[in-house]
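Let's take a walk through a protein model together. Keep the 3D view open and turn it as you read.

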Amino acid sequence: MNGTSDIQKRREEIVIDYFHMADAGNPAVIDLFTDDAQMFYPKFGIANGKAQIGAFAQGLGRGIASLQHEFDRFTVLSSGNYVTVEGAERGTTASGIEFPDGVSSFGLFCNVFEFEDELIKRVHIYVDPDFANTHAEGVAWGKSVQDSIASL
């Protein structure tokens, strides 16, 4: 393998480690990031630096009792300093609601990681943060569109 392929393979391994550590609630996941890393999460916004990313993770952990990524459903793509993962996740909210429900939540996500050497410099997470389907207006909209499509 050439140097580029080796570093891309290593970065893909780091990303898989990230998901395993996140699932386990392992606070050492923050060690995978540069000191000035940036993270984006829908309905939250942007966290800058390890302290803010750690605080976000703790806040997310207050709402989710368990989270498991389905590694066999991952699609991992690497290009240059980027690793993108499209996949599925499941879990239980702190209030006991299991997700996804397969009706209006599907547990699909996409994360885009940017690396600096072997550390994550940026991760943008694209997921519907309404795990328990409490956003009634959005759920109703989706149902109405599904109903109109069913009549085609």
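**How far to trust each part**

In the protein chain, confidence is at its highest in strand 7 (residues 108-116), with a mean pLDDT of 98, and at its lowest in helix 3 (residues 136-150), with a mean of 70. Those scores exist because what you're looking at is a predicted model, and pLDDT is the predictor's confidence in each residue. Where pLDDT is low, the predicted coordinates shouldn't be read in detail. For the protein chain as a whole, the mean pLDDT is 90, and 93% of the residues reach 70 or more.

Now zoom out. The protein chain has 3 helices and 8 strands. Follow it along the sequence and you'll meet them in the pattern α-β-β-α-β-β-β-β-β-β-α. The C-alpha trace spans about 55 × 35 × 25 Å along its principal axes. Of the 152 residues in the protein chain, 34% are buried. The exposed surface of the chain comes to about 8,800 Å², and carbon and sulfur atoms supply 55% of that.

How do parts of the chain that sit apart in sequence meet? Take the contacts in the protein chain with a separation of 6 or more: 53% of them involve residues 24 or more positions apart. As for charge, the protein chain carries 11 positive and 22 negative side chains, and the centres of the two sets lie 2 Å apart.

Let's look at how some strands pair up, starting with strand 1 (residues 33-41). Strand 1 runs parallel to strand 8 (residues 119-127), and 4 bridges join the two. To spot this pairing on screen, find Gln38, which stands opposite Arg122 in strand 8. Strand 1 also pairs with strand 2 (residues 45-48), again through 4 bridges, but here the strands run antiparallel. Phe40 is a handy marker for this one, with Ile46 in strand 2 as its bridge partner.

Strand 1 and strand 2 form a hairpin with 3 residues between the strands. Look there for Lys43, which sits in the loop between the two strands. Lys43 isn't a glycine, yet its phi is positive, at about 70 degrees. What's odd about that? Most residues other than glycine have a negative phi. Is Lys43 buried or exposed? With a relative accessibility of 83%, Lys43 counts as exposed, because the cut-off for that is over 50%.

A second hairpin is made by strand 4 and strand 5, with 2 residues between them. Strand 4 (residues 75-79) and strand 5 (residues 82-93) are antiparallel and share 5 bridges. Val76 stands opposite Val85 in strand 5. In the turn, Gly80 has a positive phi of about 60 degrees.

Two more backbone details are worth a stop. One is Asp117, in the loop between strand 7 and strand 8. Asp117 is another residue other than glycine with a positive phi, this time near 55 degrees. At 58% relative accessibility, Asp117 counts as exposed. The other detail is the peptide bond from Phe99 to Pro100, which is cis, with omega near 0 degrees. Most peptide bonds are trans. You'll find Pro100 in the loop between strand 6 (98-99) and strand 7.

Let's finish with two residues and their surroundings. Lys50 lies in helix 2 (residues 49-63). At 24% relative accessibility, Lys50 counts as partly exposed. Leaving out residues up to four places away in sequence, Lys50 touches Ile30, Asp31, Phe33, Thr34 and Asp35. For a sense of distance, pick Thr92 too: Lys50 and Thr92 are 42 residues apart along the chain, and their C-alpha atoms are separated by 26 Å.

His69 is found in strand 3 (residues 64-69). Its relative accessibility is 9%, so His69 counts as buried, the limit being under 20%. Which residues does His69 contact, apart from its neighbours within four places in sequence? They are Phe19, Asp23, Phe74, Ala88, Glu89 and Phe109. Try one last distance: His69 and Phe113 are 44 residues apart in sequence and 16 Å apart in space, from C-alpha to C-alpha.

Terms used. Residues are numbered from 1 along each chain as its sequence is written. This is a predicted model: local features need pLDDT of at least 70, side-chain atom pairs count only at pLDDT 80 or more; totals for chains, interfaces and linings use all residues. Side-chain values use heavy atoms; hydrogens and water are left out. Two strands pair if DSSP finds at least two bridges between them. Buried means under 20% relative accessible area, exposed over 50%, partly exposed in between (1.4 Å probe, protein chains only). Contact means heavy atoms within 4.5 Å. Accessible areas come from the Shrake-Rupley method with a 1.4 Å probe; for residues, only the protein chains shown count as cover. Lys and Arg count as positive and Asp and Glu as negative; His and the chain ends are not counted. The place of a charge is taken as NZ of Lys, CZ of Arg, CG of Asp or CD of Glu. pLDDT is the predictor's confidence in each residue, from 0 to 100.
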